[in-house]
Amino acid sequence: MTSASAGWRFDNSYARLPAPLFSRLAPAPVRQPRLVVLNDDLAAALGLDPAALGETPEVLAGNALPPGAEPLAQAYAGHQYGHFVNLGDGRAILLGEQIGPDGRRHDIQLKGSGRTPYSRQGDGRAALGPMLREYVIGEAMHALGIPTTRALAVVATGEPVYRETVLPGAVLTRVAASHVRVGTFQFAAALGDEALVAALLDHCIARHDPELAAAPERALAFLDAVVGRQAELVARWLAVGFVHGVMNTDNCAVSGETIDYGPCAFLDVYDPATVFSSIDHHGRYAYGNQPAITQWNLARFAESLLGHVGGGDEAAVEAARGVLATFPDRFRQRWLAAMRAKLGLFTAEEGDGALADGLLAALAEARADYTQSLATLADRLAAGSPPPATAALDAWEAAWRARLARQPQGQAEVVALLRRSNPQVIPRNHLVEEALAAAVAGDLVPLERLVAAVRQPFVATPENARHRQPPPAGGACYRTFCGT
Ligand code: AMP
Ligand code: MG
């Protein structure tokens, strides 16, 4: 079987951009590529033959190039914890853009593929556990309907990587609408090369917003589109209890996809101050701070576009501010739409925001499990189960039932909406850790079960009984680590 027959169909529009935006280089070969997981569904969606892919792990490891690839590392900058840094793909190689059967373009990137001109002190490599984690969380997010990059495969390299301990190395094949980040625009703008910013803008509009190509103020129109996507994205994160963990501007994709699964995790207990990342000491990227940080990141994005907004400097700043100022309301509207569905509401009332906020306050006070509390609303309505634990939750439930009674839909319809809007299964931190530990030790069964469970998040089955349960002790001390 050759890699050609896998169905690779590359175009390389990023490689046609001006030179400072990337460095051409091939992935560094690894000792002993061995396929660990392959995402058959995603392969099929990309027009790739899973069997042929599985037979060519050397391609997924970077030891051989698929036909038509023009490998490169992308340059970008970013604000990391608020500080501006020049970065770039320090351990990733973009192979090219796979044109799917639907004509859509998907970046195919190897992560953990060796050193690049942007590696700084890093080794360019990745460990198996964190790459499998990215695979699991990406699949969960996708199944939850949240825009996300996804992993096509993870291959073990047969080489050690040195972190706090010696770990098995791996390469992840990441699929994205594009890998252009807010930080990519910051990189171009920081060079003071407005032609470069313009080329990047053209590239992104062609890829993500082709209808804006002829817009009179296309930079502003693109800013507006990105603000809208990010408002939608962070609203959906909050609705499922997701904490990204490292929302630096280099981890903020203009496509509106969730990208760079590092120290991310889902809430167990509802607490807006939740931080999982071991290095986020000040809670900059805490669960409840994510909308504010998104807006901060978008302000950095707007700054990088100012040279392309018409009417002179002051007018450009005013116009960009005007677009940024729409963020809080757009976020709140999208969040409210998500919460209405999660509360079984088909109609809109003035007090719905307060009703949703009231539930969250009561959950926080009760230190209740976020996902399970929402998932059981349908059961409580259907079965008239015993009331929840605290006085606050009790009072909230009375208000909720009164609100449901004010809409025309009957109970069966409401229960159906609750069930399709509230996941039963999220990738629970304790089960993710358990599955990764087993996988790294050579047993892939728990990982396969976990992936199967997170791919069907809205149904309760005997197989996913464990995956629907909160952690035994509330999971309060869960910590995730950067430097993955
Ligand atoms: P991240 O926090 O994973 O988004 O990465 C931030 C920056 O560090 C990016 O430029 C990465 O390419 C780079 N980086 C992370 N890990 C490594 C590594 N092991 N070797 C080289 N560069 C890395
Ligand atoms: Mg990153």
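Student: In this predicted model, what makes N251 and D260 the protein donors of the magnesium ion, ligand 2?

Tutor: Distance does it. The OD1 atom of N251 and an OD atom of D260 lie 1.8 to 2.1 Å from the magnesium ion, and a donor has to be an N, O or S atom within 2.8 Å of the metal. So both pass that cut-off.

Student: Why is N251 called buried?

Tutor: Its relative accessibility is 10%, and buried means under 20%. So N251 counts as buried.

Student: And how do you know whether D260 is buried or exposed?

Tutor: Use that cut-off again: under 20% is buried. D260 has a relative accessible area of 15%, so D260 is buried too.

Student: Okay, on to ligand 1. What makes the link to the backbone of G90 a polar contact?

Tutor: An oxygen atom of ligand 1 sits 2.7 Å from a polar backbone atom of G90. The limit for a pair of N or O atoms is 3.5 Å, so this pair qualifies. A nitrogen atom of ligand 1 is also 3.3 Å from a polar backbone atom of R125, and a nitrogen atom of the ligand is 3.3 Å from an N or O atom in the R91 side chain.

Student: How much of ligand 1 does the protein bury?

Tutor: On its own, ligand 1 exposes 480 Å², and 81% of that is buried by the protein.

Student: Which residues surround it?

Tutor: There are 17, and the closest are G88, G90, R120, D123 and G124. By class, that shell has eight charged, seven polar and two nonpolar residues.

Student: Why do you say ligand 1 lies between the domains?

Tutor: Because domain 1 (3–178) and domain 2 (183–334) both give residues to its shell. The two domains also touch: 36 residues of domain 1 are in contact with 40 residues of domain 2.

Terms used: Residues are numbered from 1 along each chain as its sequence is written. Chains are lettered from A and ligands numbered from 1 in the order in which they are written. This is a predicted model: local features need pLDDT of at least 70, side-chain atom pairs count only at pLDDT 80 or more; totals for chains, interfaces and linings use all residues. Side-chain values use heavy atoms; hydrogens and water are left out. A residue is near a molecule or strand if one of its heavy atoms lies within 4 Å of it. A polar contact is a pair of N or O atoms within 3.5 Å; within protein, one must be able to donate a hydrogen and the other to accept it, and residues adjacent in sequence count only if both atoms are side-chain atoms. Accessible areas come from the Shrake-Rupley method with a 1.4 Å probe; for residues, only the protein chains shown count as cover. Ala, Val, Leu, Ile, Met, Phe, Trp, Tyr, Cys and Pro count as nonpolar, Asp, Glu, Lys and Arg as charged, and the others, Gly among them, as polar. Domain bounds come from an automatic or database domain assignment. Donors are N, O and S atoms within 2.8 Å of the metal (3.2 Å for Na, K and Ca); water is not among the atoms, so sites may look incomplete. Buried means under 20% relative accessible area, exposed over 50%, partly exposed in between (1.4 Å probe, protein chains only). Contact means heavy atoms within 4.5 Å.
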